[in-house]
Amino acid sequence: MVVKKHDLEAALYAEKQDINAGRLKDDNPLDLSETFRVFCEACRRGDLKVCQEKITEGVNINARDRFDYTPLILASLCGHFEVVQLLLESGALCERDTFQGERCLYNALNDRIRNLLLSYDYSKSTDPLQPLAAHITSLLTREHPKTSDVALVTADKTFHLHKFVLSARSPYFAKKLAANPDSTSFKLANTVPPQSFEVAVRYLYLQEVAADLGDGEEEQAVLTGIDKLSRQLEIDRLFESILEGGDRRLARQRRTEEVNRGRDQLHTWFQQNVLRHKITVATSKADSVRWDRNNGVFADVLLRADEDADEEEDEAERPAPPTVRQTSGPLNGIPIGPMSYPSRSPSRTRSSRKSVLFPAHRAMLLRSEFFSTMFSSSFREAQSTLYLQIIPIDCSPAVLEVVLTYLYTEKADFGLSIAIDVLHAADMLFIEKLKARAAVIISTLGNGGASVVEAENPRGETDIEEVVDIYDVVRAGWDTRVHRLEEFGARYIAYRLERFIDEEDFAELVRESANRIQARQETDTVELVDDIRYYLSERFRLRFEDAGLDEMMDESPEPHLQPSDPGYIDTCDEGSEGELYAADMEQMLAGGAVRTLDGEVAGDEFTQDAINYQILLGKIDRLLDRLRLDA
Amino acid sequence: MVSSTTQGLHGDDVDFESTWTTLASSFKEIHTKNASKLSYEELYRHAYRIVLKKKGEVLYGRVRDFEKEWLSQTVAASIQGLVTGSLRSGAHGSAAVTTANERREAGWRFLKGLKEAWQDHQLCMSMLADVLMYMDRVYCTDHRRPSIFITAMNLFRDCILLSKSSSEADSLTILAILNGIILDQIQMERDGDIIDKHLIKSCVYMLEGLYEADQEVEEQRLYVTSFETDFLNASREFYRKEGEFLLRESDAGAYCRHTQRRITEEQDRCRSTLSETTTPKIEQVVEDELVRNKLRELIEMESGVRHMIDNDRSADLRLMYILNSKVDPLKKELTSAIQQRIKEMGAEINAAAIAASQAQPAPAADAEGDKPKAPGDRALSQQTVAALKWVEDVLNLKDKYDSFWKFSFDSDQGMQKAISSSFTDFINSATFTRSSEYISLFIDENMKKGIKGKTETEVDQVLEKAIILLQYVQDKDMFERYYKKHLCRRLLMNKSLSNDVEKQMISRMKVEQGNNFTLKLEAMFKDMTISEELTTGFKGHVAKLGDADAARAELAINVLTSMTWPLETMGSSGDNEESRKMRCIFPPAIERIKKSFEKYYSDKHSGRQLTWLANMGSADLRATFPKVQTKEGIKERKHELNVSTYAMVILLLFNDIPASQSITFEEIQAKTNIPTSDLVRNLQSLAVAPKTRILIKEPMSKDVKPTDRFSFNEGFSGKFHKIKVGVVTAGNKVETDKERQSTEEKNNESRGFCIDAAVVRIMKQRKELTHQQLVTETLSQLATQFKPDINMIKKKIESLIEREYLERIDEAKVPSYRYLA
């Protein structure tokens with residue numbers, strides 16, 4: 001399984017030689033920047049939030065620090081499973097048969113992490129852009145629904161192509177199309193062999209260009225043709241990349257570079273054309289917008305998103321301190337509820353409501369199953385009309401922009417503030433990867449200011465500021481079937497249980513969770529509560545292990561479980577760091593109980609923790625009892 | 001208690017209803033093909049919201065109810081409208097009520113209507129499923145419901161296919177009518193009408209796409225459970241009747257062709273009209289009804305297998321073979337029919353041979369070839385002709401079946417075995433015992449005459465034929481005996497045309513029968529070669545002696561190993577042992593050479609005894625006859641006479657006496673000591689045969705009597721310089737009955753030794769054995785040589801017990817023997 005040491009050393013030496021000679025690009029370049037140092041530090045400590053932030057900033061995830069450590073090695077060495085997962089999902093490489101890959105596997109703290117690393121071997125983690133490239137390539141052969149808007153006629157074959165791809169990828173076509181946007185066919189020189197055209201077109205559509213071009217004179221002719229084309233179309237990289245041979249790794253690097261370039265071109269084009277041409281109009285007038293079929297950005301459909309007045313109002317209220325929880329009034333996190341009706345129920349619409357129209361290309365929208373079904377059906381949207389069809393999408397303009405950016409460029413970097421909305425939109429439009437991405441963002445950034453490792457914070461201290469409404473998150477997780485969010489929610493609540501345990505909303509959430517399971521008829525436990533109990537034990541576990549108090553934990557529960565025993569509350573009172581918790585307790589219980597005793601105050605923090613743990617467990621049980629009775 | 005959160009998600013009942021109303025009216029539009037005005041996004045959004053609000057269940061139910069209502073009210077009515085009276089009766093099977101044309105038209109309309117309804121339904125439902133995609137993905141997956149599309153397909157089955165065709169309570173379901181119509185149409189096609197295959201195929205696709213229950217189990221497709229069974233039953237009935245009709249009305253060849261066509265038709269039908277999965281089943285039905293159940297009758301028909309064989313209908317036979325192999329990989333019926341026919345034909349050939357050999361010689365037989373010179377030979381040559389005829393017939397028969405086997409029976413292994421065993425059976429049949437002899441004779445004939453002027457390949461063919469026949473012979477030892485006898489004659493009398501061919505034959509037999517079989521035959525050839533060497537050696541020896549005597553006779557000698565050569569068969573018939581041993585007295589000149597050779601030989605090989613067989617030799621004489629007036633003038637006539645050794649001895653007697661003198665038969669016998677019968681025959685050829693009358697007999701008569709006197713015929717004249725004086729021989733043709741008897745006796749004797757040897761070999765190895773086992777083993781050991789008679793084995797065992805090789809085990813329950821060392 002594991003490569004021998006001397007083999008590794010030999011391979012490493014050979015690799016170094018190659019890199020020094022410039023034959024190979026270093027997979028793990030040295031990075032001494034401050035950002036990277038912070039990133040590595042976060043990986044060492046297991047700080048998910050910082051990791052996510054740095055990744056979003058665009059730090060090179062596969063770089064190495066001056067001790068030759070990559071972030072992935074650090075995270076796996078220090079045993080932070082979630083961080084390792086995040087890094088891998090974000091494209092960190094852990095490839096067998098490379099020095100750094102083997103090192104990473106070798107260093108993994110435990111088997112769980114090691115198996116995770118193995119499951120992300122090259123074949124899987126490879127290129128996060130592959131789906132995008134594959135989709136664009138598939139446009140060449142996809143016949144239904146028809147998306148091509150220009151025909152490239154050669155001597156014996158006609159290629160059905162897309163103006164926006166040509167324009168984005170080839171400066172030559174960009175100029176030609178800018179001068180003459182409504183041309184429907186191009187004719188290129190007949191002297192160039194058709195194979196050359198084929199190679200060029202495949203290159204433009206991000207397909208891997210094969211080096212095998214026949215043999216002898218034929219190859220010569222084809223190569224000449226390619227050379228000519230690549231100069232004419234101003235895609236000089238094409239000819240170079242065909243001439244460059246090389247081994248597997250080199251080819252892969254080149255391919256990755258090539259796709260990256262392609263993506264960047266698309267991205268630039270997308271920003272300069274699609275985003276720049278979005279129109280903001282009053283919602284009432286949105287339907288009367290007329291776009292001609294022949295337009296400068298070659299759009300063949302308009303997507304409409306309505307701005308939501310409520311949304312803005314809600315966001316204005318957001319900074320309010322969490323202690324004053326908004327239990328009434330619409331919740332921003334459930335986007336559909338408040339947003340779904342404005343367009344249909346004018347009473348709630350404000351006069352100033354705006355709509356944003358994005359010109360878009362069906363070819364790219366097809367990446368969403370929602371759109372691909374829509375355009376393949378025989379409904380109105382699939383028909384060709386004189387003016388571009390306007391398709392309303394049930395989300396805010398900002399979210400729609402995120403969705404479009406993802407579809408065009410595979411980029412999905414957005415703030416926590418719209419993450420839940422994006423999650424819902426992605427779920428509605430069937431864009432699984434975007435959904436997963438939103439879930440990652442929520443679960444890594446959602447911990448708010450409490451960015452430090454949670455295991456170090458057993459007493460549930462949290463910052464005053466709450467960045468996310470955890471109830472919304474859990475519900476969104478259920479609605480969109482993202483298990484990761486349920487887990488995140490349970491963990492989040494467990495670490496702050498003192499604060500939530502007595503809220504009526506929490507009880508409601510537990511009830512919902514119970515109902516969900518009833519409907520599924522899978523088990524008779526309440527999933528949410530089980531998860532919370534699990535994370536609760538995790539929260540306190542390290543403390544007990546350190547103090548060797550496991551035994552005490554085993555023996556002591558019985559007396560502590562007396563639900564109405566108020567004595568333990570007092571212990572909290574004593575705790576120097578338990579003020580917030582104590583305050584909650586005070587609010588919740590009748591004031592008199594607190595004052596009754598203080599005699600058996602625990603001597604140290606550990607005892608305090610143990611008692612707190614029992615109190616919380618007891619409260620959960622009582623809550624369940626009550627809910628059962630109610631139900 | 002109820003927070004705003006729950007309100008947003010759950011509370012909105014009114015909204016659900018209005019949303020559903022919107023959806024329902026849009027669905028109606030879709031069903032009435034007005035979908036192009038609808039917005040996919042809007043419908044999807046409605047459905048999406050309902051599901052998100054946990055109303056998926058209600059939505060699912062509503063859609064199902066909507067479809068149910070639509071199908072059972074709108075669609076069902078239009079389908080029922082297509083069901084006319086003629087269809088109902090057609091489905092009942094009383095076809096006579098309406099004309100075929102009407103039925104076809106009505107059926108066509110019904111199928112078309114149903115097909116269109118089904119396609120519309122599929123199209124609309126796929127649009128609905130598109131709209132309800134979120135429900136399918138979220139609600140149906142979570143709650144393990146079949147997708148709405150599948151549910152709707154099942155609704156089509158329940159509301160349309162399984163609904164009654166009219167309001168009457170006992171009316172048929174649409175499905176039953178559909179089945180009836182398709183069956184009716186197929187029947188029309190079988191009767192030669194043209195039908196719309198495409199349309200039926202679409203309906204079949206529909207049935208294949210639907211299942212009996214809501215679970216999609218492959219075997220539960222409506223096509224299988226409903227239509228296919230009906231189809232197979234109807235077809236079975238149809239083919240049973242057709243088969244009976246054909247057996248009555250047509251001949252076997254036509255029957256086979258028809259069946260073949262029907263099978264192809266059904267295969268085509270499955271491909272073009274029904275489902276490929278039915279192909280094996282319907283083939284089975286056709287084979288059952290037209291082949292398996294009718295095969296025996298078919299074979300035994302007047303125009304059946306026998307007729308086909310007799311008239312060389314190999315194409316028909318081939319069909320018969322194909323049909324039979326479809327239902328029975330062993331092809332028992334056909335095989336046994338063939339076998340029986342071979343045996344019949346073989347028996348006919350045997351009977352013809354026996355009849356020919358016993359009948360008076362027909363003039364035709366003379367014309368055919370070897371003209372018998374003496375009347376006594378006639379019966380013999382009659383046999384030869386019969387033998388050749390028999391071999392030829394058998395070979396023809398073999399050729400015939402071989403060509404059937406190749407062309408009609410696909411060179412089938414089992415068939416070949418069956419044919420071979422039938423040939424073996426009749427060739428070795430108990431009523432015909434001469435096959436070994438006939439085959440040997442056939443070879444003999446060919447060696448002596450047949451292969452003259454033939455190319456190598458032709459010769460090869462002849463040899464091949466002989467070998468083929470030989471394979472069928474069970475009593476190989478009999479054949480060996482005959483072959484040896486015939487070979488011996490050919491060799492000694494130099495009658496064989498080509499030594500090479502002889503050797504080829506031997507080597508072929510060696511390949512076929514093994515070394516043992518040809519051992520003695522090869523030894524015979526070896527003797528011949530050694531003799532040649534001896535002759536030359538002796539010549540050299542004589543030359544070295546130096547006394548060149550011009551008058552000295554030259555000697556060419558064949559030294560034969562007495563055990564190898566069947567010398568007894570060379571003797572004249574009727575000779576007894578005594579006369580054989582009588583030594584011929586040679587004239588002194590000859591006697592000298594004889595002595596000298598004996599000396600030469602015993603110098604070379606000490607301890608060997610030479611016995612001179614004068615009755616087998618021949619001699620060349622240079623005879624000078626006195627001058628006689630002829631047409632060309634007076635001249636002395638010299639002839640070279642080729643005569644038998646005895647004749648030479650006789651003629652040399654006349655050297656010693658004056659030409660005018662004569663000697664009596666008895667005097668000759670006294671002087672030469674030649675056995676009487678040989679002397680008679682030799683004198684006959686010298687004095688009676690008209691062309692070689694070198695002696696004059698007194699009185700002139702055909703028979704030679706002891707009192708006859710002989711003198712040298714000075715006036716003899718021949719046309720040629722060389723004259724061959726044939727000896728009137730006993731003939732080398734077919735044996736006389738007497739000879740046969742002795743051959744068989746000898747054969748039995750040698751068989752006895754073989755059995756003895758085999759029994760002893762077995763017992764030596766096994767020590768103790770029951771009687772039954774011993775017999776079985778003996779039989780199997782001897783199978784390659786001959787088929788021993790059980791009684792003979794018993795006798796041999798008895799004699800072995802007497803000779804104390806074996807003893808009976810007294811205490812054994814079953815008779816057993818023990819080997820005595």
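User: Which residues does Val403(A) touch, not counting residues up to four places away in sequence?

Analyst: Happy to help! Val403(A) touches Ala425(A), Ala426(A), Leu429(A) and Leu434(A). Two residues are in contact if their C-beta atoms, placed from the backbone, lie within 7 Å. This is a predicted model, where local features need pLDDT of at least 70, side-chain atom pairs count only at pLDDT 80 or more, and totals for chains, interfaces and linings use all residues. Residues are numbered from 1 along each chain as its sequence is written, while chains are lettered from A and ligands numbered from 1 in the order in which they are written.

User: What makes Arg144(B) count as exposed?

Analyst: A residue is exposed if 12 or fewer other C-beta atoms lie within 10 Å of its own, buried if 20 or more do, and partly exposed in between. Arg144(B) has 8 C-beta neighbours inside 10 Å, so it counts as exposed. Its place is the loop between α7 (133-142) and α8 (148-161) of chain B; helices here are DSSP runs (H or I, at least four residues), and strands are E runs of at least two, numbered from the N terminus.

User: And why is Ser411(B) called exposed?

Analyst: Ser411(B) is exposed because it has 11 other C-beta atoms within 10 Å. This serine lies in the loop between α19 (375-407) and α20 (413-427) of chain B.

User: What is notable about phi in Arg144(B) and Ser411(B)?

Analyst: Most residues other than glycine have a negative phi. Phi of Arg144(B), however, is positive, near 50°, and Ser411(B) has a positive phi of about 50°.

User: Why are α23(B) and α25(B) called roughly parallel?

Analyst: Helix α23 (residues 476-492) and helix α25 (residues 515-545) of chain B pack at about 10°, with axes 10 Å apart. Axes are lines fitted to C-alpha atoms over the stretch in contact, and angles run from 0 to 180 degrees between N-to-C directions. Angles under 35 degrees count as roughly parallel, over 145 as roughly antiparallel, 65 to 115 as roughly perpendicular and the rest as oblique. That makes α23(B) roughly parallel to α25(B). Among the residues that meet are Leu487(B) in α23(B) and Leu521(B) in α25(B).

User: What is in the largest nonpolar core?

Analyst: A nonpolar core is a set of buried Ala, Val, Leu, Ile, Met, Phe, Trp, Tyr and Cys residues joined through C-beta atoms within 7 Å. The largest has 207 residues, and Val403(A) is one of those with the most contacts inside it. Helix α6 (residues 100-131) of chain B gives the most to this core, with 10 residues.
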